[in-house]
Amino acid sequence: MSHSTRENALSTTGTPRGTAPAGRPHRVTVAVYAQDPVLRIGVVHQVRQRPEVELVTDAEADRARASLVVVDAVDDEVMALLRRLQHNGATRTGLVVGTFESAALQRVIECGVAAVLRRADADQDRLLHLVLALANGEGMLPGDLLGKLLSHVGGLQRSALDPRALALSTLTAREADMLRLVSEGFDTSEIAQKTAYSERTVKNVLHEITTRLQLRNRAHAVGYALRNGLI
């Protein structure tokens, strides 16, 4: 997937930025960052019909009030894009995603994502709701993810009583991936093949987890991570 495809902001209107057509309220400027052309066309087709929205040109993408990142799943490239958008003080970011694991919620929030919408739910009205929430400084999460977030906040509040809880809240993506593979029954060599790390690295990462969290072994680490909703 090319960098230009992923970070292509789409232009659909000839109205100058910052002006409102006669009889219409000022519109929210929106940039769309799409994972592939099919995803891009689908979202643009939905939002371009709404008078409340103005899709900006490529050159103006960094000045949009709302940025929609439309992807199949959250991976390292998506995280890099979210971090780039986080540094743009003019925009707030919403994520429209096909599949989304609750373990990724903390990561995307840390990268400045203020709203999440699953693509299966992304009809025209919900997309508009997301855009307006971003423009108004509000957040938006599916109900199940909101529950996960509240549980996570509660876990942080309990961290003073259980120091290991704080350590778990900072579990890296690589550590979580390896623990997930352990939970699925893969051994060290198989995990190394799937993650493209050496067996020594896999052993070191898993040892670091059990040592830092003061756990007995890999199975104990997997159970502890599952109970805390990290994998």
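## Elements and confidence

Helices here are DSSP runs of H or I at least four residues long, strands are runs of E at least two long, and both are numbered from the N terminus. With that naming, Ala 196 sits in the loop between α9 (188-195) and α10, a spot we'll come back to. The model is predicted, and its chain holds 11 helices and 5 strands. Of the 231 residues, 42% are buried. Take the contacts between residues at least 6 apart in sequence: 71% of them join residues at least 24 apart.

How confident is the predictor across the chain? The average pLDDT is 79, and 77% of the residues score at least 70. Residues 1-24 are below 50, although the model gives this stretch 59 contacts beyond near neighbours in sequence. Residues 163-169 also stay under 50, with 17 contacts beyond four places in sequence. Where pLDDT is low, the predicted coordinates should not be read in detail.

## Helix α5 and what covers it

Helix α5 runs over residues 124-135, which makes 12 residues. From first C-alpha to last it reaches 17 Å, close to the 16 Å expected at 1.5 Å a residue. Its buried residues are Leu 127, Leu 128, Leu 130, Val 131, Ala 133, Leu 134 and Ala 135. What covers them? The cover includes the strands β1 (28-34), β2 (53-55), β3 (66-71), β4 (92-97) and β5 (113-118), along with helix α2 (37-47). Just after α5 comes Gly 137, with a positive phi near 75°.

Val 131 makes a handy close-up, as a residue of α5. Its relative accessible area is 1%, so it counts as buried. Setting aside residues up to four places away in sequence, Val 131 touches Val 28, Val 30, Val 53, Ala 66 and Leu 68. Val 28 and Val 30 fall within the range of β1, Val 53 within β2, and Ala 66 and Leu 68 within β3. Arg 92 is 39 residues away from Val 131 along the chain, yet their C-alpha atoms are separated by 9.3 Å.

## The loop after β3

Ala 73 is in the loop between β3 and α3 (76-86). Is Ala 73 buried, partly exposed or exposed? With a relative accessible area of 28%, it is partly exposed, because the buried class stops under 20% and the exposed class begins over 50%.

Leaving out neighbours within four places in sequence, Ala 73 contacts Gln 35, Val 78, Val 97 and Thr 99. Gln 35 is 38 residues from Ala 73 in sequence, with 9.4 Å between the two C-alpha atoms.

## How α10 meets α8 and α9

Helix α8 (residues 173-183) packs against helix α10 (residues 199-212) at an angle of about 95°, and the axes are 10 Å apart. That angle makes the two roughly perpendicular, since 65 to 115 degrees is the range for that label. On the α8 side, the contact is made by Arg 174, Glu 175, Met 178, Leu 179 and Val 182. On the α10 side, it is made by Thr 201, Val 202, Val 205, Leu 206, Glu 208, Ile 209 and Arg 212. By type, these contact residues are 7 nonpolar, 1 polar and 4 charged.

α10 also crosses α9, at roughly 105°, with the axes coming within 8 Å. So α9 and α10 are roughly perpendicular to each other. Here Thr 188, Ser 189, Ile 191, Ala 192 and Thr 195 of α9 meet Glu 199, Val 202 and Lys 203 of α10. This contact has 3 nonpolar, 3 polar and 2 charged residues. Val 202 is listed in the contact with α8 and again in the contact with α9.

## The loops on either side of α10

Back to Ala 196, in the loop between α9 and α10. Its phi is near 65°, a positive value in a residue other than glycine. Ala 196 is exposed, at 72% relative accessible area.

Past α10, Gln 214 lies in the loop that leads to α11 (218-227). Gln 214 is another non-glycine residue with a positive phi, near 60°. At 60% relative accessibility it counts as exposed. Leu 213 is in the loop between α10 and α11 too, but this residue is buried, with a relative accessible area of 1%. Tyr 224 is 11 residues from Leu 213 in sequence and 9.2 Å away in space, C-alpha to C-alpha.

Conventions. Residues numbered from 1 in each chain as written. Predicted model: local features only at pLDDT ≥ 70, side-chain atom pairs only at ≥ 80, totals over all residues. Heavy atoms only, no water. pLDDT = per-residue confidence, 0-100. Contact = heavy atoms within 4.5 Å. Axes fitted to C-alpha atoms, helices over the stretch in contact; angles between N-to-C directions. Parallel < 35°, antiparallel > 145°, perpendicular 65-115°, else oblique. Nonpolar A, V, L, I, M, F, W, Y, C, P; charged D, E, K, R; others polar. Expected span 1.5 Å × (residues − 1). Buried < 20%, exposed > 50% of the residue type's maximum accessible area, 1.4 Å probe, protein only.
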